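This report describes one protein model, starting from a pair of residues in its sheet and working outwards. The sequence and the structure come first.

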Amino acid sequence: MFGYYFDPTYFLVIIGAILCMGASQMVTSTYRKYSKVRARGGMTGAEAAQRILQMSGIRDVQIQHVRGDLTDHYDPVKKVLRLSDTVYDSRSVAAIGVAAHECGHALQHKEGYFPLKFRSALVPAANIGSKLGLPLVILGLVLGIGFDLPGGGYFSLAQIGIWVFALAVLFQLVTLPVEFNASGRALKMLGSYGVMTDDEVDDCKRVLGAAALTYVAAAASSVLQLLRLLLLAGNRRRDD
């Protein structure tokens with residue numbers, strides 16, 4: 001009875017949750033610290049983004065204000081760079097760093113950066129994987145649903161769910177080089193375009209480094225969840 005209710009693999013989910021919470025806390029505290037430091041250039045996040053885009057030869061990307069806290073993102077389909085309430089009109093070092101990061105994505109798009117193109121292509125599959133992967137695995141394990149293969153063998157619904165969920169994990173992994181590369185581009189442009197002084201660029205590096213940890217934590221959490229599903233499916237096969 002105890003074995004039925006106690007699932008030791010759930011510790012993998014707990015570890016992933018702790019990693020994500022820790023990373024989220026770090027980016028929040030780091031951003032809050034440098035959001036109080038006014039950039040010497042006096043530009044807002046939107047003005048800094050406009051300057052970076054122009055000096056990068058990008059003239060077909062619009063800059064828009066979007067509601068929310070750190071909801072900043074670049075839309076490669078509509079070619080729109082959206083900056084949040086805490087970034088658009090702010091003149092802080094943190095805000096300009098975030099705006100420059102999104103400009104880094106716009107530059108990736110302009111240059112046809114392969115990991116960005118690959119990630120964009122994965123979006124539909126990743127959405128399906130994140131929504132259906134886990135439910136399919138659970139149904140497969142609880143109901144024992146499976147399919148006989150034409151050439152012999154057996155393929156369970158749980159295995160299908162694992163492969164579907166793996167698409168979401170792949171998306172998280174591909175996101176890492178995309179985000180790190182965008183931050184690297186941002187820091188370089190901030191300095192070379194005269195938007196910030198060297199010490200301010202160092203401060204931005206801390207902000208973007210903390211933000212990058214959230215992507216690392218999310219990827220690690222997804223991998224741990226995938227490992228858990230593999231262990232559960234493996235235990236079910238042994239029980240059968």
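In this predicted model, glutamine 64 stands opposite arginine 82 of strand 3. Histidine 73 also stands opposite arginine 82 in strand 3. Glutamine 64 belongs to the stretch 62-65, which is strand 1, and histidine 73 to the stretch 73-75, which is strand 2.

## The three-stranded sheet

The strands form an open sheet of three, in the order 1-3-2 and with mixed pairing. Strand 1 and strand 2 are the edge strands, each pairing on one side only. On average, neighbouring strands of this sheet are turned by 25 degrees against each other, direction ignored. Strand 1 and strand 3 run parallel and are joined by four bridges. Strand 2 and strand 3 pair in the antiparallel sense, over three bridges. Tyrosine 74 stands opposite leucine 81 in strand 3. Helix 5 packs on the sheet, where it touches strand 2 and strand 3, and its direction makes about 25 degrees with that of strand 2.

In a regular strand, side chains alternate between the two faces of the sheet. In strand 3, Val80 and Arg82 point one way and Leu81 and Leu83 the other way, and all are buried. Which residues does leucine 81 touch, not counting those up to four places away in sequence? They are Leu53, Val61, Gln62, Ile63, Gln64, His73, Tyr74, Glu102 and Cys103.

## Positive phi values

Most residues other than glycine have a negative phi. Leucine 70 has a positive phi although it is not a glycine, and so does lysine 79. The hairpin of strand 2 and strand 3 has four residues between the strands, and lysine 79 takes its positive phi there. A further positive phi is that of glycine 194, just after helix 7.

| Residue | Phi | Place | Relative accessible area |
|---|---|---|---|
| Leucine 70 | about 55 degrees | loop between strand 1 and strand 2 | 37% |
| Lysine 79 | about 55 degrees | loop between strand 2 and strand 3 | 31% |

Both values fall between the 20% and 50% limits, so leucine 70 counts as partly exposed, and lysine 79 is likewise partly exposed.

## Nonpolar cores

The largest nonpolar core has 37 residues, of which Ile52, Leu53, Leu81, Leu83, Leu190, Val195 and Met196 touch the most other members. At least two residues of this core come from each of helix 2, helix 3, strand 3, helix 5, helix 7 and helix 8. Helix 5 (93-111) gives the largest share, 10 residues. Apart from this core lies another, of nine residues, including Val137, Leu141, Leu226 and Ala233.

## Helix 2 and helix 7

Helix 2 has 25 residues and reaches 37 Å from its first C-alpha to its last, close to the expected 36 Å. Its buried residues are Leu12, Gly16, Ala23, Val27, Thr30, Tyr31 and Tyr34. An α-helix has 3.6 residues a turn, so residues three or four places apart point the same way.

Helix 7, residues 157-192, has 36 residues. From first C-alpha to last it reaches 54 Å, close to the 52 Å expected. Arginine 185 lies in this helix. Is arginine 185 buried or exposed? Its relative accessibility is 16%, and buried means under 20%, so arginine 185 counts as buried. Leaving aside neighbours within four places in sequence, arginine 185 is in contact with Gly104, Leu107, Gln108, Glu111 and Tyr113. Arginine 185 and serine 120 are 65 residues apart in sequence and 19 Å apart in space, C-alpha to C-alpha.

## The protein as a whole

The secondary structure comes to eight helices and five strands. Along the sequence they follow the pattern α-α-α-β-β-β-α-α-α-β-β-α-α. The C-alpha trace spans about 65 × 40 × 25 Å along its principal axes. Of the 240 residues, 42% are buried. The accessible surface comes to about 13,000 Å², and 62% of this belongs to carbon and sulfur atoms. Among contacts between residues at least 6 apart in sequence, 71% join residues at least 24 apart.

Methods
Residues numbered from 1 in each chain as written. Predicted model: local features only at pLDDT ≥ 70, side-chain atom pairs only at ≥ 80, totals over all residues. Heavy atoms only, no water. Buried < 20%, exposed > 50% of the residue type's maximum accessible area, 1.4 Å probe, protein only. Expected span 1.5 Å × (residues − 1). Core = buried A, V, L, I, M, F, W, Y, C linked by side-chain atoms within 4.5 Å. Contact = heavy atoms within 4.5 Å. Pairing = 2+ DSSP bridges. Axes fitted to C-alpha atoms, helices over the stretch in contact; angles between N-to-C directions. Areas by Shrake-Rupley, 256 points an atom, 1.4 Å probe, with all protein chains shown as cover.
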